[in-house]
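Visitor: I should like a close examination of a single part of this model. Please choose one element, describe it in detail, and then follow its contacts outward into the surroundings.

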Amino acid sequence: MSNTITPGMNGTSETTVTEAMLASTVGSGKVSVFSTAMMVAWMEGTAVDVVQPSLEDGQTTVGTGISVSHVAATPQGMKVRFTAEVTAVSPNGKGLSFKVAAYDETGLIGEGTHERVIVNKDKFESRTRDKAKA
């Protein structure tokens, strides 16, 4: 298990809101604004990118929990920046906690916490496939 993941590690990502990301398009609402579902997906992806380079070959992380507030609407065409920071690593080194946030060109649009766990990618996917056979 990698021991190079430590609290304070952080990263950012950015996207421009497209029609495919609108609540009215993804089915999470009837308004044409950046959807909460897409905001959460980008927050998770940013957290993944923070730690993935520190993992051993064959490892990745999977999300196990998220608690966020979406506090402001963002229109199509506006840029959104996401941040993720490791806030804690479990004693066994597998559980990871993050502080996540999203900002559009005018300020904060969402923030919260996110939990992930380190897994062996092949074993995880194999167990999932086996579940379909049961």
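Guide: The part chosen is helix 2, which covers residues 36-51 and holds 16 residues. The model is a predicted one. From the first C-alpha of helix 2 to its last the reach is 23 Å, close to the 22 Å expected at 1.5 Å a residue.

The next point is what the helix turns towards the interior. The buried residues of helix 2 are M39, V40, M43, T46, A47, V48, V50 and V51. These buried residues pack against five strands: strand 1, strand 2 (59-70), strand 3 (79-89), strand 4 (95-104) and strand 5 (107-120).

Strand 1 offers a specific polar link to this helix. S13 belongs to strand 1, which runs over residues 10-16. Its relative accessibility is 16%, and because buried means under 20%, S13 counts as buried. The side chain of S13 makes a polar contact of 2.5 Å with the side chain of T46, and T46 is itself among the buried residues of helix 2. Leaving aside residues up to four places away in sequence, S13 touches W42, T46, V80, R81 and F82.

Two of those neighbours, W42 and F82, lead to the aromatic groups. The structure holds 2 aromatic pairs. One of them joins F34 and F82 in a tilted arrangement, with 6.3 Å centre to centre and 55° between the planes. F34 sits in the loop between helix 1 (23-26) and helix 2, while F82 sits in strand 3, so this pair ties together parts that are 48 residues apart in sequence. F34 has a relative accessible area of 2% and is buried; F82, at 0%, is buried as well. W42 and F82 also form an aromatic pair, and this one is stacked: the ring centres are 5.5 Å apart and the planes differ by 20°. W42 lies in helix 2 and F82 in strand 3, so the pair ties together parts that are 40 residues apart in sequence. With a relative accessible area of 24%, W42 is partly exposed. F34, W42 and F82 thus belong to one aromatic cluster.

The strands that receive the helix are also joined to one another. Strand 2 and strand 5 run antiparallel and are joined by 11 bridges; within this pairing, S69 has E111 of strand 5 as its bridge partner. Strand 4 and strand 5 are antiparallel too, with 10 bridges between them, and here Y103 is the bridge partner of L108 in strand 5. A hairpin of 2 residues connects strand 4 to strand 5.

Helix 3 provides a contrasting case. Helix 3 occupies residues 121-133, has 13 residues, and reaches 19 Å from its first C-alpha to its last, close to the 18 Å expected at 1.5 Å a residue. The number of buried residues among its 13 is 0, so helix 3 lies largely in the open. Its N-terminal end is capped by N120, which places a side-chain oxygen 3.1 Å from the backbone nitrogen of D122.

To return to the chosen part: the buried residues of helix 2 pack against strands 1 to 5, T46 of the helix makes a side-chain polar contact with S13, and W42 of the helix forms a stacked aromatic pair with F82.

Technical notes: Residues are numbered from 1 along each chain as its sequence is written. This is a predicted model: local features need pLDDT of at least 70, side-chain atom pairs count only at pLDDT 80 or more; totals for chains, interfaces and linings use all residues. Side-chain values use heavy atoms; hydrogens and water are left out. Helices (H or I, at least four residues) and strands (E, at least two) are DSSP runs, numbered from the N terminus. Buried means under 20% relative accessible area, exposed over 50%, partly exposed in between (1.4 Å probe, protein chains only). A polar contact is a pair of N or O atoms within 3.5 Å; within protein, one must be able to donate a hydrogen and the other to accept it, and residues adjacent in sequence count only if both atoms are side-chain atoms. Contact means heavy atoms within 4.5 Å. The expected span of a helix is 1.5 Å times one less than its number of residues. Two strands pair if DSSP finds at least two bridges between them. Rings of Phe, Tyr and Trp (its six-membered ring) pair if their centres lie within 6.5 Å; planes under 30 degrees apart count as stacked, over 60 as edge-to-face and the rest as tilted.
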